[in-house]
Amino acid sequence: MPKNSSACSKAVPSVSIQNMDFDAAQEYAQLRDSGAGTGAIATFTGLVRDSGDRQDVTGLFLEHYPGMTEQVISDLIVQAAQRWDVRKARVIHRIGRLPLQSQIVFVGVCSAHRGDAFAACEFIMDALKTSAPFWKKELTDAGEHWVEQKASDVARTEGW
Amino acid sequence: MSEQSLNVRFFARLREELGTEHLTMPAPAGQTAADLLATLAKRGGPWAQLNTGQPVMIAINQAMAKPQSAVSAGDEVAFFPPVTGG
């Protein structure tokens, strides 16, 4: 285990794209195991909610571009580690058909201090939404439709 | 993949509306991604949307690219709608 902070700020990206659900507690436990220099862990979990572009959403279907998606997210983690102290980072994104309240995405970042952990976690999540090749379809009782990209999401990413 | 062709992929709404996931297209020298879109748009019907100014994102060999980016023989060129993950 590296002992000086410069050595461990080169976080190795850990990215999983999967159909299956994930255990956030298990992911947190693995993030905790990032050395005595870690003083802060920030995590974000995104869930399927019942309203989006339309009301009465009953679930989502997520498609991705295999290979490119993993590479784009790994690059975002590398970018985050160049801007902030990032000792460990983990991203999980689910694909396929997801019912209401399912977990969709997990981002976890370990840093020495909370400012870096919050910022890196939020940056990775914001940039993922506008640059990782995923597409969401909302499912309703009346049919299904592809979700449109939001100008507010693009603005958030540009803000970084 | 032959020396003179490239592989085109479509995702999400574009894949559904074009009814096409993969295509092999000629790869003439000096071709850009915009040229390739214009060629595909000439197929008419749903393909015409590729040349109407509606946003189409472009990736070349799985890295984001621009309309003026060159596309060459052997490349994997992907066209898709703005992304909506997370």
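## A loop glycine in chain A

A:Gly37 sits in the loop that runs between helix H2 (24-32) and strand E2 (40-47) of chain A. Since this is a predicted model, please read every value here as computed from it. A:Gly37 counts as partly exposed because its relative accessibility is 39%.

What does A:Gly37 touch, leaving aside its neighbours within four places in sequence? The contacts are A:Arg87, A:Ser111 and A:Ala112. For A:Ala112, the partner lies 75 residues away along the chain, yet the two C-alpha atoms are separated by 5.8 Å.

## Where the two chains meet

Let us turn to the interface. The size of an interface is often given as the accessible area lost when the parts come together. For chain A and chain B, the buried area is about 1800 Å², and carbon and sulfur atoms give 56% of that area. Three residues stand out on the chain A side: A:Tyr65, A:Met68 and A:Trp135 supply 37% of the area that chain A buries against chain B, more than any other three residues. In terms of residues, chain A brings 24 to the contact and chain B brings 20.

Polar pairing is part of the picture too. Between the chains there are 14 residue pairs in polar contact, with both residues at pLDDT 80 or more. On chain A, the elements that each supply at least two residues to the side touching chain B are strand E3 (57-64), strand E6 (103-111), helix H4 (114-131) and strand E7 (134-140). H4(A) gives the most, with five residues. Sorted by class, this side of chain A has 13 nonpolar, six polar and five charged residues.

## Salt bridges across and beside the interface

Side chains of opposite charge can pair when their charged atoms come close. Over all chains, the structure holds eleven salt bridges, and the count between chain A and chain B is two. One of the salt bridges between the chains joins A:Lys137 to B:Glu16, with the closest N and O atoms 2.6 Å apart.

A:Lys137 also has a partner within its own chain: its side chain meets that of A:Glu144 in a salt bridge of 2.9 Å, N to O. Are these two residues of chain A buried or exposed? A:Lys137 is buried, because its relative accessible area is 6%, while A:Glu144 is partly exposed at 48%.

## Helix H4 and its tie to H5

Helix H4 of chain A deserves a closer look. The 18 residues of H4(A) should span 26 Å at 1.5 Å a residue, and the end C-alpha atoms are 25 Å apart, so the two values agree. Its buried residues include A:Ala117, A:Cys121, A:Phe123, A:Ile124, A:Met125 and A:Leu128, and also A:Asp126 and A:Thr130.

A:Asp126 pairs with A:Arg156 in a salt bridge whose closest N and O atoms are 3.2 Å apart. Because A:Arg156 lies in helix H5 (residues 151-158) and A:Asp126 in helix H4 of chain A, the pair ties together parts that are 30 residues apart in sequence. The environments of the partners can be set side by side: A:Asp126 is buried, with a relative accessible area of 10%, whereas A:Arg156 counts as partly exposed at 42% relative accessibility.

## Charged residues of chain B

In chain B, B:Arg13 forms a salt bridge with B:Glu17, the closest N and O atoms being 3.4 Å apart. Both residues lie in helix H1 (residues 12-18) of chain B, four residues apart, or about one turn of the helix. An α-helix has 3.6 residues a turn, so residues three or four places apart point the same way. B:Arg13 counts as buried because its relative accessibility is 17%, and B:Glu17 counts as partly exposed at 39%. Back in chain A, salt bridges that share partners join A:Glu122, A:Asp126 and A:Arg156 into one network.

B:Arg9 belongs to strand E1 (residues 5-10) of chain B. B:Arg9 is buried, with a relative accessible area of 16%. A polar contact of 3.4 Å links its side chain to that of B:Glu76. Leaving aside neighbours within four places in sequence, B:Arg9 is in contact with residues of chain B including B:Glu21, B:His22, B:Gln62 and B:Phe79, and also with A:Tyr65 of chain A. A:Tyr65 is one of the three residues named above for the area that chain A buries against chain B.

Note on methods:
Residues are numbered from 1 along each chain as its sequence is written. Chains are lettered from A and ligands numbered from 1 in the order in which they are written. This is a predicted model: local features need pLDDT of at least 70, side-chain atom pairs count only at pLDDT 80 or more; totals for chains, interfaces and linings use all residues. Side-chain values use heavy atoms; hydrogens and water are left out. Contact means heavy atoms within 4.5 Å. Buried area is the accessible area (1.4 Å probe) that two parts lose on being put together, summed over both. A salt bridge is a side-chain nitrogen of Lys or Arg within 4 Å of a carboxyl oxygen of Asp or Glu. A polar contact is a pair of N or O atoms within 3.5 Å; within protein, one must be able to donate a hydrogen and the other to accept it, and residues adjacent in sequence count only if both atoms are side-chain atoms. Ala, Val, Leu, Ile, Met, Phe, Trp, Tyr, Cys and Pro count as nonpolar, Asp, Glu, Lys and Arg as charged, and the others, Gly among them, as polar. Buried means under 20% relative accessible area, exposed over 50%, partly exposed in between (1.4 Å probe, protein chains only). The expected span of a helix is 1.5 Å times one less than its number of residues.
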